[in-house]
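This report examines one protein chain through its aromatic rings, its strands and one charged residue. Please keep the sequence and the structure in view while reading.

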Amino acid sequence: MYIREDLLNKIKEIFNVKEFTYARTGKYCYNNNDLFIFDCGNETIAIEAGTANFFSIYKVKENADHPGYFYAVTQSNFLLIKDNKTYLRIDKKIITFPGKAFDFTSELVLLAMENS
């Protein structure tokens with residue numbers, strides 16, 4: 001899992017967190033999609049697996065009745081890699097980073113293997 005420092009710092013700033021530590025995978029309650037769960041101190045942020053180049057990012061809470069399943073507590077935003085740029089959309093504002101600022105390819109392969 002790779003998140004370049006400039007993108008990581010912007011995510012921390014936008015979500016107002018100091019930590020952003022990968023914790024585990026989980027599932028989204030409503031559509032069973034795979035999530036990468038990050039411990040951010042008092043908050044939990046999920047990056048929802050889309051394609052190799054498109055992911056959703058939002059704050060989540062774990063479902064107390066169904067451990068490992070999470071529901072969103074903020075609007076869904078996105079991370080996208082296109083035309084050798086990385087885009088982070090937060091609250092309809094798009095921030096552009098040069099090149100590929102994140103890569104979850106290895107993790108997506110593992111998730112696909114686990115889900116088959």
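F104 is buried, because its relative accessible area is 0%. F102 likewise counts as buried, since its relative accessibility is 0%. These values, like the others below, come from a predicted model.

**Aromatic pairs**

Across the whole structure, a search finds 10 aromatic pairs. One of them is formed by F20 and F38, whose rings are stacked. F20 is placed in the loop between α1 (5–15) and β2 (21–28), while F38 belongs to strand β3 (residues 34–40); the pair therefore ties together parts that are 18 residues apart in sequence. Both F20 and F38 are buried. F102 and F104 also form an aromatic pair, and this one is tilted. The geometry of these two pairs is set out below.

| Aromatic pair | Arrangement | Centre to centre | Angle between planes |
|---|---|---|---|
| F20 and F38 | stacked | 4.3 Å | 15° |
| F102 and F104 | tilted | 5.5 Å | 50° |

The four residues of the table reappear in a cluster: ring pairs link F20, Y22, F36, F38, F55, F102 and F104.

**Strand pairing around β5**

Strand β5 (residues 54–62) runs antiparallel to β4, and 5 bridges join the two. Within this pairing, I57 of β5 is the bridge partner of I47. The connection from β4 to β5 is a hairpin through 4 residues.

β5 is also joined to strand β7 (residues 77–82) by 4 bridges, again in an antiparallel arrangement. Here S56 stands opposite F78 of β7. With strand β6 (residues 69–72), β5 pairs over 3 bridges in the antiparallel sense, and V60 stands opposite A72. The hairpin of β5 and β6 has 6 residues between the strands, and G68 takes a positive phi near 95° in it.

**A buried charge in β4**

Which side chain of opposite charge is nearest to E48? It is K27, at 10 Å. E48, which lies in strand β4 (residues 43–49), is buried yet has no salt bridge. Leaving aside neighbours within four places in sequence, the contacts of E48 are N31, N33, D34, L35, F55, S56 and Y58.

**Confidence of the model**

The chain has an average pLDDT of 92, and 99% of the residues score at least 70. Among the elements of the chain, strand β9 (residues 93–98) has the highest mean pLDDT, 97, and helix α2 (residues 105–115) the lowest, 78. Where pLDDT is low, predicted coordinates should not be read in detail.

Definitions and conventions
Residues are numbered from 1 along each chain as its sequence is written. This is a predicted model: local features need pLDDT of at least 70, side-chain atom pairs count only at pLDDT 80 or more; totals for chains, interfaces and linings use all residues. Side-chain values use heavy atoms; hydrogens and water are left out. Buried means under 20% relative accessible area, exposed over 50%, partly exposed in between (1.4 Å probe, protein chains only). Lys and Arg count as positive and Asp and Glu as negative; His and the chain ends are not counted. A salt bridge is a side-chain nitrogen of Lys or Arg within 4 Å of a carboxyl oxygen of Asp or Glu. Contact means heavy atoms within 4.5 Å. Two strands pair if DSSP finds at least two bridges between them. pLDDT is the predictor's confidence in each residue, from 0 to 100. Rings of Phe, Tyr and Trp (its six-membered ring) pair if their centres lie within 6.5 Å; planes under 30 degrees apart count as stacked, over 60 as edge-to-face and the rest as tilted.
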